[in-house]
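Work through the exercises below with the structure open beside you. Try each task before you read its solution.

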Amino acid sequence: MSILKDRKFVADPATIVQSRASDTSNVLGLMYDATAEILGQQINGEMILTINQGGVNIAGGYHSIECRNNLDVDILNNIGMDKLPEGRFLMLKAQTAARNITLRHNAGGIGQMKLVDNANFILTGKRWITLVKNQDQWVEINRSYGDDFEDARDHLGVDSTIANKSITNAKLADSMIGKHSIYMPAGAILPTKTNGAKSKVTHLAGNIKSISTLDFSGSIDNKAQFSIAMPKSWNAGAVQFQLYWLCDHLTITNGATFKIAACSIGKADSFIKSFGVETSLTSNPTATKNDLIISAISGDLIIKDAAANKLAFFQIYRDVSDSGDTIATDVKLIGINLTYTTISATDN
């Protein structure tokens, strides 16, 4: 049972479901019935009120409003509230979907309606509104636009150009296609056997941070390599890279030039394969000792024999003979952020 202040009781809510159980198409009907029970109106017959001189006198908590003289259009200015307790709820809807009944905001007089946004509201179609008695007026507390989605979006201030784009699994998948990145820390990058960069753990001042670094000399072309199993969703096109590094100079205004080349190796392929064409990146920071330096994003790097689901090998080296490489001492590589493009949302 549900107990209400101004009612002795209303029916067991289970009867509401039973009364509509066979009518699966009338979802709104179920909503109306349930709300009617809450508002204190029995569901045995819908209570219809016809507008008379711009007003109606309610007899319960839930009503369908009919236009005078069976017209299709009418205006409701006031709702009678004689002897109704303070805080009484009232739910209204149009008698038929074809009716257009304008509920006027602040029409004046006892029983006027104070509506959201200080604007009129039209009852039509499957719309409904809930009001509460507040002294000598009715105040809106809830409304539904039914299946009138455009007006509902306007009321909520939602951009229809966005709202009209239904979120389907396909569209959600499409939104995941595009640029992605993989970060490769220096600790996962191996020095080459000949002229390899020095793999170190660098302890920054005060032992605040300890990081794995690859130290590249300022006098010879140190090298290092790493590999990535490229995802099935990769488009096998160009990739780009961005470098994270630091230097222990007091002031850093010069640049360091790094070059990366890559190739792919598939199942049963030989590891004896040359790398592809190098892509160069010169990083020219303005920083102080041990500041984190993040380079610009490189141009396109073409992976030789590129294909999805292959093992891609990358070789990076510092080209100290390049005109852009003007730092005379070691620089410490912290990691490489590799960007690639996908053509599907998953690797299924």
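**Exercise 1. Place serine 64 and find its side-chain partner.**

Step 1. Serine 64 lies in strand 5, residues 62–66. Helices (H or I, at least four residues) and strands (E, at least two) are DSSP runs, numbered from the N terminus.

Step 2. Serine 64 has 0% relative accessibility, so it counts as buried. Buried means under 20% relative accessible area, exposed over 50%, partly exposed in between (1.4 Å probe, protein chains only).

Step 3. The side chains of serine 64 and lysine 93 share a polar contact of 3.4 Å. A polar contact is a pair of N or O atoms within 3.5 Å; within protein, one must be able to donate a hydrogen and the other to accept it, and residues adjacent in sequence count only if both atoms are side-chain atoms.

A note on the source: this is a predicted model, where local features need pLDDT of at least 70, side-chain atom pairs count only at pLDDT 80 or more, and totals for chains, interfaces and linings use all residues. Residues are numbered from 1 along each chain as its sequence is written, and side-chain values use heavy atoms, with hydrogens and water left out.

**Exercise 2. Describe the chain as a whole.**

Step 1. Take the secondary structure: five helices and 26 strands.

Step 2. Take burial: of the 348 residues in the chain, 41% are buried.

Step 3. Take the contacts between residues at least 6 apart in sequence: 71% of them join residues at least 24 apart. Contact means heavy atoms within 4.5 Å.

**Exercise 3. Trace the open sheet of five strands.**

Step 1. Read the order: 15-18-25-21-22, with antiparallel pairing. Two strands pair if DSSP finds at least two bridges between them.

Step 2. Find the edges. They are strand 15 (190–191) and strand 22 (279–283), each pairing on one side only.

Step 3. Take one side of strand 25. Seven bridges join strand 25 (residues 311–318) to strand 18 (residues 223–229). Isoleucine 228 has alanine 312 as its bridge partner. Alanine 224 stands opposite isoleucine 316.

Step 4. Turn to strand 21 (residues 256–265). Eight bridges pair it with strand 25, again in the antiparallel sense. Here serine 264 stands opposite alanine 312.

Step 5. Check the cover. Seven of the eight residues in strand 25 are buried.

**Exercise 4. Trace the open sheet of three strands.**

Step 1. The order is 6-9-11, and the pairing is mixed.

Step 2. Strand 6 (73–76) and strand 11 are the edge strands.

Step 3. Strand 6 pairs with strand 9 (residues 100–103) in the parallel sense, over four bridges. Aspartate 74 has isoleucine 101 as its bridge partner in strand 9.

**Exercise 5. Find the surroundings of glutamine 112.**

Step 1. Glutamine 112 lies in strand 10, residues 112–114. At 15% relative accessibility, it counts as buried.

Step 2. Set aside neighbours within four places in sequence. Glutamine 112 is then in contact with several residues, including Asn77, Asn106, Asp136 and Trp138.

Step 3. Look at tryptophan 138, 26 residues away along the chain. The C-alpha atoms of glutamine 112 and tryptophan 138 are separated by 6.2 Å.

**Exercise 6. Explore the salt bridges.**

Step 1. Start with the total: the whole structure has 10 salt bridges. A salt bridge is a side-chain nitrogen of Lys or Arg within 4 Å of a carboxyl oxygen of Asp or Glu.

Step 2. Lysine 133 and glutamate 86 form one of 3.3 Å, N to O. Lysine 133 is in strand 12 (residues 128–134), and glutamate 86 is in the loop between strand 7 (78–80) and strand 8 (89–94). Lysine 133 is buried because its relative accessibility is 9%. Glutamate 86, at 45%, is partly exposed.

Step 3. Aspartate 215 and lysine 332 meet at 2.7 Å, N to O. The two are 117 residues apart, in strand 17 (residues 210–216) and strand 26 (residues 331–341). Aspartate 215 is buried at 2% relative accessibility, and lysine 332 is buried at 12%.

Step 4. Finish with a network: salt bridges link Glu66, Asp72 and Arg99.

**Exercise 7. Examine the phi of aspartate 117.**

Step 1. Most residues other than glycine have a negative phi.

Step 2. Aspartate 117 has a positive phi of about 65°.

Step 3. Aspartate 117 sits in the loop between strand 10 and strand 11 (121–123). Its relative accessible area is 54%, so aspartate 117 is exposed.
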